[in-house]
Amino acid sequence: VQLQASGGGLVQAGSSLRLSCAASGHTFSRYYMGWFRRGPGKEREFVGAIDWSGRNTAYADSVKGRFTISRDNVKNTLYLQMNSLKPDDTAIYYCAAAAALSGSPTQYDYWGQGTQVTVSS
């Protein structure tokens, strides 16, 4: 499956952004999907994941209550709604597809190219 992330940008702290990840090539609904991010000088970290049905989600503690992951299996698109953004959320955000719900990047077989999110203070 091919993944294309979009929706990043430069925003002020406290603002919101919605990232999208368009999938093509294989049946999107078969995959569990996740968002990861890599901040400047930081390791890649798990942000959130969603199962194939959209009913089960998991989040990193750092974004819980602020970010919401969702998917539209008709539009073959994954979303990440980010609210109350903080400067620490500055990173390149990647979407990825896996065969199971997981917070480990090693479980994801397909990756998008990333979209930059910059949050100014």
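**Notebook: aromatic contacts and one sheet**

I began with the rings, and in this predicted model I found that Phe36, Phe46, Tyr108 and Trp111 form one aromatic cluster. Searching the whole structure, I got five aromatic pairs.

I looked up tyrosine 31 and tyrosine 110 next: their ring centres are 5.8 Å apart and their planes stand at 85°, so I entered the pair as edge-to-face. Tyrosine 31 lies in the loop between S3 and strand S4 (32-38) and tyrosine 110 in strand S10 (residues 108-111), so this pair ties together parts that are 79 residues apart in sequence. I noted tyrosine 31 as buried, at 15% relative accessibility, and tyrosine 110 as partly exposed, at 30%.

I then turned to phenylalanine 36 and tryptophan 111, whose ring centres are 5.0 Å apart with planes at 50°, so the pair is tilted. Because phenylalanine 36 belongs to strand S4 and tryptophan 111 to strand S10, the contact links parts 75 residues apart in sequence. Phenylalanine 36 is buried at 0% relative accessibility, whereas tryptophan 111 is partly exposed at 27%.

Checking for charges over rings, I saw the charged end of arginine 44 over the ring of tryptophan 111, 4.6 Å from its centre, and arginine 71 over the face of phenylalanine 28, at 4.4 Å from the ring centre.

Last, I traced an open sheet of four strands, which has the order S1-S3-S8-S7 and antiparallel pairing. Strands S1 (2-6) and S7 (67-72) are at the edges with a single partner strand each, so one side of each has no neighbour in the sheet. Between the antiparallel strands S3 (residues 17-24) and S8 (residues 77-82) I recorded six bridges, and I found arginine 18 opposite glutamine 81 in S8.

Terms used
Residues are numbered from 1 along each chain as its sequence is written. This is a predicted model: local features need pLDDT of at least 70, side-chain atom pairs count only at pLDDT 80 or more; totals for chains, interfaces and linings use all residues. Side-chain values use heavy atoms; hydrogens and water are left out. Two strands pair if DSSP finds at least two bridges between them. Helices (H or I, at least four residues) and strands (E, at least two) are DSSP runs, numbered from the N terminus. Rings of Phe, Tyr and Trp (its six-membered ring) pair if their centres lie within 6.5 Å; planes under 30 degrees apart count as stacked, over 60 as edge-to-face and the rest as tilted. Buried means under 20% relative accessible area, exposed over 50%, partly exposed in between (1.4 Å probe, protein chains only). A charge sits over a ring if NZ of Lys or CZ of Arg is within 6 Å of the ring centre and within 35 degrees of the ring normal.
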